[in-house]
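Let's work through a few exercises on how helices and strands are arranged. Have the sequence and the 3D view open as you go.

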Amino acid sequence: MKTAIRLWCAAVAAIALTALAALSVPTPASAAALTEVTNFGTNPSNLRMYLYIPDRVAPRPGLLVAVHYCTGTGPAMYSGTQFASLADRYGYIVVYPSVTRSSQCFDVSSPQALRRGGGSDPVGIMSMVDYVRQRYPVDPARIFATGISSGAMMTNVLLGLYPDVFAAGAAFAGVPFGCFATTNGSEWNSECANGQLIRTPQQWGDLVRNAYPGYTGPRPRMQTWHGTNDEILRYPNFGEQIKQWTNVRGLSQTPSYTDSPQAGYTRTRYGGTGGQAPVEAISMQGVPHNLPVDAAQALRFFGLDSTPPSSPPPTSTPSPTITPTTPPPTPTVPPGAGCRIGYAVNAWNTGLTAEVTITNTGSTAVNGWSLAFALPGGQTITNGWNATYSPTSGAVTARNVSYNGTIAANGSVSIGFQANHTGNSGRPTSFTLNGTPCSVV
């Protein structure tokens, strides 16, 4: 068993390099950085959470959980794949869970991990998702999971346990939900890894359904990738995943669509012929376990490769821009206008997020606004959304972006930012909107 795990680790250690080379994607200039979040919630297996908030966040951003391979870490998944650089383009948020156990593999085998709310890694990952959802206006219909090898297994597990949370997943070189199950505390299941665990579609589907008894709602879509020469998680696992997820979705085993997106690749779709079919499977001829990770195709399957309909077009993407330049002239407030500020802080040991609601309490619309406030000492804005912020500390002015410059009478706009702090996570004591003092609630 130990030999098998060592071979697995050796094979997946190079995946990050292959993933990075899989597709050339221009990376926009960005001040955003990967940030570790602590005390994010219930975390029975001591996972670490890393969060990537792009400089420009969509008004209703999607959320992607990107799960690393054995021997990997959240930061390695961040730097070795293109999910963050594509987030810079499309404005979604990425969570990178990171294992702390010695194998650096995710728990996809224990009874606790394979039961909704049972404990272990899935519970910690869900705490990360909840943490982000509490602090950012995430679109609940656009939450996704993806992963490589051990992370692909976890993608299957997350979609099985939390079908009410995840809309879809993309698994690169994984196995079906429940395939790696063990009862002796081992992380390794040789029968599954060797492609010897063959079940009927109904049996595979029942494993998923029994993990969340009584659930009758919609099930996630699944995209799965596998190399025919996978020497660690053998190729039969590809077909078993197709059996499982077509059965879970109530679909025929016969593809609705087949094509070859590139030489040596065979793509089949089940239950639909379009780019977001319920199940999509890509077989990669001659490819080993160290397979290329096509992040752009995963995003296409998710629907994260475009700005949501409620957002402005890419040329005017709204979210955060921190610009220490000379400010433009301050707009004026119409006569008789007033304002009210709602300010909510969520803080951890060295950081915080602030959600700010600006309400126009006057009888006339405000056209073009700037909100001035003084950050408490030691606070420095690292990124924000729905406004531009200048400077990043001290006396800060937040100004509207292209799509939210008008605040109707009795209307509101919401903005927010993430900041570092040195111990004082308090809120500003006063705010002025276009030079007029606002009440604070």
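Two exercises follow, each with a worked solution.

This is a predicted model: local features need pLDDT of at least 70, side-chain atom pairs count only at pLDDT 80 or more, and totals for chains, interfaces and linings use all residues. Residues are numbered from 1 along each chain as its sequence is written, and side-chain values use heavy atoms, with hydrogens and water left out.

**Exercise 1.** Work out how α6 and α9 are oriented to each other.

*Solution.*
- Step 1: Find helix α6 at residues 150-161 and helix α9 at residues 236-248. Helices are DSSP runs of H or I with at least four residues, and strands are runs of E with at least two, numbered from the N terminus.
- Step 2: The two axes come within 13 Å and cross at roughly 15 degrees; axes are lines fitted to C-alpha atoms, for helices over the stretch in contact, and angles run from 0 to 180 degrees between N-to-C directions.
- Step 3: α6 and α9 are therefore roughly parallel, the term for angles under 35 degrees.
- Step 4: For the contact (heavy atoms within 4.5 Å), look at N156, L159 and G160 in α6, which meet Q241, Q244 and W245 in α9.

**Exercise 2.** Trace the open sheet and find its edge strands.

*Solution.*
- Step 1: Follow the ten strands in the order β1-β2-β4-β3-β5-β6-β7-β10-β9-β8, with mixed pairing; two strands pair if DSSP finds at least two bridges between them.
- Step 2: β1 (34-37) and β8 (257-259) are the edges, each pairing on one side only.
- Step 3: Now zoom in on β5 (residues 143-148) and β6 (residues 168-172), a parallel pair with five bridges. Here I148 has F172 in β6 as its bridge partner.

Key:
Angles under 35 degrees count as roughly parallel, over 145 as roughly antiparallel, 65 to 115 as roughly perpendicular and the rest as oblique.
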